[in-house]
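User: I have a protein model open and I'm not sure how to read it. Can you walk me through some features, starting with a helix?

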Amino acid sequence: MKWNRRIRNTAAVSAISLPLLLSGCGMFGGNSSAQIDPPPADVETQMLEGGGSVKQTSFMTEEALSTVYLENEYGKLAPVALHLPEGEASMKLNRMLELLVQDGSYAGLLPAGFNGVLPAGSEIKAVTVKKDEKLAVVEFNKAFAGYDAADERKILEAVTWTLTGTPDVEKVQLWMEGEKLNEMPVNGTPLDRPLSRSFGINLELNAESGLSQTSPVIVYFSAATPDGVQYFVPVTRFVPAGNDRVKAALGELLKGPQKNDGLERVVTDNTKLDNVEVSKDGIVTVSLQDDMFEAGEKLPAQMMQSLVLTVTENADDSKVRIWLNGQKEVVGMDNQTYSEPVMRPETINEIPL
């Protein structure tokens, strides 16, 4: 086992487990551990071999779980799978958005280190879904306008990504006190057309970014709660227009996160992208090279899961398989076989309260 201590601690030991769907076989998943500080060598060895007693978090999919986008302690939005408060099924989307209200009725249901981004006092007066358009129309009260200008985009991202995570919604339109919003009330972000996930999330821009000549890609890095539970965070980066989206996204994943933003690397410094192939039936094969791993060694689950999330976010309705160093038998430390096609998990980041 030759990989470095940082990846060993973050990508292997602290990885959460996702219920990835194996093509043709149904759901599979399991628990893996979360730890902040490097454990003693003997304990570390036990954990890497599947033993040891450490914090665990399960990501088994169940209907009672719904994913909402909350702000973490570094100001990033992250998907968090929660059990919704009880209520009528027809009001499910209302309750999901109510979880986003700062100091709201459901603030106690959020994990430590996470907060909603809707201004305190916001009320979700109605959420109407036009199924033929896959459009959710959301009406807020006047308190919705009580936010700082710097938070405007984050509010739009959180509402859009929360609602579009449900099967019947691909676009979102905002109203306030009976009137359609053509722009946001504080900083004037245009709302002349419905919002979709193409709006992006956690945008990372730099001085060299010429948006007219670029295309967005979504990349999943890792972060940790104050209690040391690892979870995934999507960020939007901009790559030269015309590039293959999956290859470009994986290239950004290999570059790693920006400094001082609370995100962690999910691959080693030696990981290289060898090739990406897409079959006629939509299977994306990702071939990697990394001399930090020995033949037959189980790979960090966090690394494997972030690859699956990144590929499937940038290639709709795709299945993913991962090959490493020419080996076509790749197993993660979560005991999942990633060399067989897997689908995107239905639920991620179920974080204990």
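User: How does the length of α6 fit with its number of residues?

Analyst: Keep in mind that this is a predicted model. Here's the general idea: an α-helix has 3.6 residues a turn, so residues three or four places apart point the same way. Now for the case at hand. With 1.5 Å for each residue, the 14 residues of α6 should span 20 Å, and the C-alpha atoms at its ends are 20 Å apart, which agrees.

User: Okay, and is α6 enclosed or open to the outside?

Analyst: For this we look at burial, and the cut-off for "buried" is a relative accessible area under 20%. In α6, 14 of the 14 residues are buried, so the helix is largely enclosed by the rest of the structure. Take L309, which is found in helix α6. L309 counts as buried because its relative accessibility is 0%.

User: Which residue pairs with L309 in space despite being 89 residues away along the chain?

Analyst: That's Y220: the C-alpha atoms of L309 and Y220 are separated by 6.6 Å. The chain as a whole has plenty to look at here too. Take the contacts between residues at least 6 apart in sequence: 65% of them join residues at least 24 apart.

User: Let's do another helix. Is N94 buried or exposed?

Analyst: N94 lies in helix α3. Its relative accessibility is 4%, so N94 counts as buried. Once you set aside neighbours within four places in sequence, N94 is in contact with I124, A126 and V127.

User: What about the loops? Where does K131 sit?

Analyst: K131 is in the loop between β7 (124–130) and β8 (135–140). The cut-off for "exposed" is over 50%. K131 reaches 61% relative accessibility, so it counts as exposed. There's a distant partner here as well: K131 and D168 are 37 residues apart in sequence, yet 6.3 Å apart in space, C-alpha to C-alpha.

User: My viewer also lists backbone angles. What is the phi of D103?

Analyst: D103 has a positive phi of about 55°, although it is not a glycine. You'll find D103 in the loop between α3 and β7. At 71% relative accessibility, D103 counts as exposed.

User: And what is phi near for N260?

Analyst: Phi of N260 is near 60°, again a positive value in a residue other than glycine. N260 belongs to the loop between α5 (245–255) and β13 (272–278). With a relative accessible area of 81%, N260 is exposed.

User: Now the spaces. What volume does the largest pocket have, and which residues lie nearest its centre?

Analyst: A good way to read a pocket is to ask about its volume, then its lining. The largest pocket has a volume of about 1500 Å³. Its lining is made of 40 residues, and those nearest its centre are T164, G165, T166, R197 and R344.

User: Which helices and strands each supply at least two residues of that lining?

Analyst: They are β5 (65–71), α3 (92–98), β11 (214–224) and α6 (301–314). So you've met two of the helices already. The largest share, four residues, comes from β5. By class, the lining divides into 14 nonpolar, 13 polar and 13 charged residues.

User: How many cavities of 30 Å³ or more are there?

Analyst: The count comes to one. About 60 Å³ of space lies in the largest cavity. Its lining includes V172, Q173, L174 and K180. Strand β9 (residues 171–176) gives the most to that lining, with three residues. Sorted by class, the lining has six nonpolar, one polar and two charged residues.

User: Last one: where does pLDDT stay under 50?

Analyst: First, the general idea: where pLDDT is low, the predicted coordinates should not be read in detail. In this chain, pLDDT stays under 50 over residues 1–62, for which the model has 168 contacts beyond four places in sequence. Over the protein chain, the mean pLDDT is 84, and 81% of the residues reach 70 or more.

User: What does the secondary structure come to, and how much of the chain is buried?

Analyst: The protein chain has six helices and 16 strands. Buried residues make up 51% of its 353 residues.

How values were computed: Residues numbered from 1 in each chain as written. Predicted model: local features only at pLDDT ≥ 70, side-chain atom pairs only at ≥ 80, totals over all residues. Heavy atoms only, no water. 1 Å grid on protein atoms, 1.4 Å probe; cavity = no way out; pocket = protein on both sides within 12 Å on 5 of 7 lines; lining within 4 Å. Points joined across faces, edges and corners; volume = space filled by probe spheres on them. Nonpolar A, V, L, I, M, F, W, Y, C, P; charged D, E, K, R; others polar. Expected span 1.5 Å × (residues − 1). Buried < 20%, exposed > 50% of the residue type's maximum accessible area, 1.4 Å probe, protein only. pLDDT = per-residue confidence, 0-100. Contact = heavy atoms within 4.5 Å.
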